[in-house]
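Work through these short exercises on aromatic contacts. Each task is followed by its solution.

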Amino acid sequence: MAGKSEKTSKSIPPYMKALSGSLGGIVEASCLQPIDVIKTRLQLDRSGAYKGIIHCGTTITNTEGVRALWKGLTPFATHLTLKYALRMGSNAVLQSAFKDSQTGDLSHQGRLLSGFGAGVLEALVIVTPFEGILVKMLNELLPIQVVKIRLQQQRGLSPELLKYKGPIHCARMIIREEGLFGLWAGAAPTVMRNGTNQAAMFTAKNAFDGILWNKHEGDGKVIQPWQSMISGFLAGTAGPVCTGPFDVVKTRLMAQTRSGGELKYKGMFHAIQTIYAEEGLRALWKGLLPRLMRIPPGQAIMWAVADQVATMSDEEREERELDLTSPEVVTKYKSAAEIVNKALQLVVSECKPKAKIVDVCEKGDAFIREQTGNMYKNVKKKIERGVAFPTCISVNNTVCHFSPLASDETVLEDGDIVKVDMGCHIDGFIAVVAHTHVIQQGPVTGRAADVIAAANTAAEVALRLVRPGKKNKDVTEAIQKVAAAYDCKIVEGVLSHQMKQFVIDGNKVVLSVSGPDTRVDEAEFEENEVYSIDIVTSTGEGKPKLLDEKQTTIYKRAVDKNYHLKMKASRFIFSEISQKFPIMPFSARALEEKRARLGLVECVNHDLLQPYPVLHEKPGDLVAHVKFTVLLMPNGSDRITTHHLQELQPTKTVDDPEIKAWLALPTKTKKKGGGKKKKGKKGEKADTADAEAMDTAPNGAASEE
């Protein structure tokens, strides 16, 4: 009933990936440009003027000023912004193309090819021309630096000494002197470097997210920025080591000009041979340390920004697109509701004396799995569907969440007050329902009728108050007043939640009982929202207790928690849960029972799983439970899950004028401009009558006005 909110996301569109990458590029360029300047100077240093990274940096600062460390920032920032936008966007497009059309899964080969393709594309379109301009601008500073050192006088750079006055001027000069293809000098090693780099980087990032944080693509889990930074840093480490020779050759090819004679390097392989012959093998990895100082931190920064931007934008997209404004979404909610309503009808019909509770629970879950399995079978994109909340059957003073293991022998008896609770989802759009049924023939009388009538009348009032403009506290106060009219109590600790796609317990919450120890943020209901209204009434004190932790069998994966489990059994069980039930609540019946008993304890102790405990009122107390799903449509509140009531003959009647006024409220709004006023009033009455849910009876709750 109560739970923590969770976030879930679907596949992020390529344009959002591109945007997140470009923003990450801006931040990275601003932070790491000095390291890139030092790396380039070291790679171009054939005379040994620089003794190392620190000496290079201090020399540049002392002779040219601090601003020289940001020389070429404009093309570099533009370069990174466009490069990352193209890289992230094209990788997303290629991954979509390589995904399995039936399952939506991406193979390791597909991931590698997507990364390589993105690297090749960025190398040809962005990297080669931009880095060519940047390298030429930085390379021309070397002779000026020699002059400064020898004269020991000059403190700044004289513009008249510079061949290239800026990035645009540099590009014009290259085209004028070397032709248009001069901008693509060093394209071959750049393609090899970037293709290999991105194939390794995207694959490694995905692998490290899974290994370190149990984050898998498409599972809806959101990792923190520091976690993205660690994964990004590690993913960015292997590339420079593997592609060092390509990077050195690329820089040498870009730096050479035709002025003063023939080109020294004829191509990629000739450059590798020449550098090896003249400078030795180690020269092919010149600048590796500054590359390792720049690329892994750069990837850490980029991924920290990109992951968060993509997550935030995805949440906004989900809010905007995946609500009741979409007819497809409404259809999926109502399809899930139709299935769960039929499942509830089946379960209630199976609630007979001597029936094993576990068998009845299994029939409910099996029916939902079968019915949802028959839907969306022939679509290209895999649609998740199935049980959103396992079938629970709680009897008499047991409040909720009783869904026993296969070994349990508990049976139903004649006269039991049975509370059935279950849920179904189609593509993450959830419909939940709970209903109370007494195993007997004839009308329900006495206190049993009172507690059931209290729950159903409170549900009818809540249905009319959960509407745009009303607040959650209005519902809390009203349902307590209704329960008191039947000399019953609303059970504490029960929460009604807003629901979203794949989120069964959203952030907007309605308290069942307000108090100093149980507070939630005040919230206003809005059009196009969906709510699970959950009401439990008791003839007792309404303060349920946990009697036996071993009875707990319903759990939900806490997607925002991580912990390295110590026990092998725990790791095995948690891995199985993460694969089979990454988001929705599940029953431990679905796991191997002996191993589950051992492994679940450690998972719960470290908050990896959220338990749904079995709670009890005092023996002899009677408890009723009603839960329904309501869609706040533009034309009013639409209750989509329900079940008809047995005939009730309560000992109490509703005489309170405020409760009667609430019950008289329509659930549907009158359409504007719908004819004459008199007909409009009749229409309003009809709406009110039609809005009466199935959970009413002639002698029952909502009819006693």
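**Exercise 1.** Which residues form one aromatic cluster with Tyr555?

Solution. The model is predicted. Tyr555 shares one aromatic cluster with Phe581 and Phe586. Next, take the whole structure: a search finds seven aromatic pairs.

**Exercise 2.** Classify the pair formed by Trp213 and Trp226.

Solution. A pair of aromatic rings is described by the distance of the centres and the angle of the planes. Start with the distance: the centres of Trp213 and Trp226 are 5.2 Å apart. Pairing needs centres within 6.5 Å. Then take the angle, which is 80 degrees between the planes. Over 60 degrees counts as edge-to-face, so Trp213 and Trp226 are an edge-to-face pair.

Now place the two rings. Trp213 belongs to helix 7 (residues 187-213). Trp226 belongs to helix 8 (residues 225-235). The partners are 13 residues apart, and the pair links distant parts of the chain.

**Exercise 3.** Is Trp213 buried or exposed?

Solution. Trp213 has a relative accessible area of 10%. Buried means under 20%, so Trp213 is buried.

**Exercise 4.** Describe the pair of Phe525 and Tyr531, then the burial of each partner.

Solution. Centre to centre, Phe525 and Tyr531 are at 5.1 Å. Their planes make 90 degrees, and the pair is edge-to-face. Phe525 is buried, at 3% relative accessible area. Tyr531 is buried too, with 1% relative accessibility.

**Exercise 5.** Which lysines lie over the rings of Tyr376 and Phe389?

Solution. Lys332 lies over the face of Tyr376, 5.7 Å from the ring centre. Over the ring of Phe389 sits the charged end of Lys627, at 5.3 Å from the centre.

Note on methods
Residues are numbered from 1 along each chain as its sequence is written. This is a predicted model: local features need pLDDT of at least 70, side-chain atom pairs count only at pLDDT 80 or more; totals for chains, interfaces and linings use all residues. Side-chain values use heavy atoms; hydrogens and water are left out. Rings of Phe, Tyr and Trp (its six-membered ring) pair if their centres lie within 6.5 Å; planes under 30 degrees apart count as stacked, over 60 as edge-to-face and the rest as tilted. Helices (H or I, at least four residues) and strands (E, at least two) are DSSP runs, numbered from the N terminus. Buried means under 20% relative accessible area, exposed over 50%, partly exposed in between (1.4 Å probe, protein chains only). A charge sits over a ring if NZ of Lys or CZ of Arg is within 6 Å of the ring centre and within 35 degrees of the ring normal.
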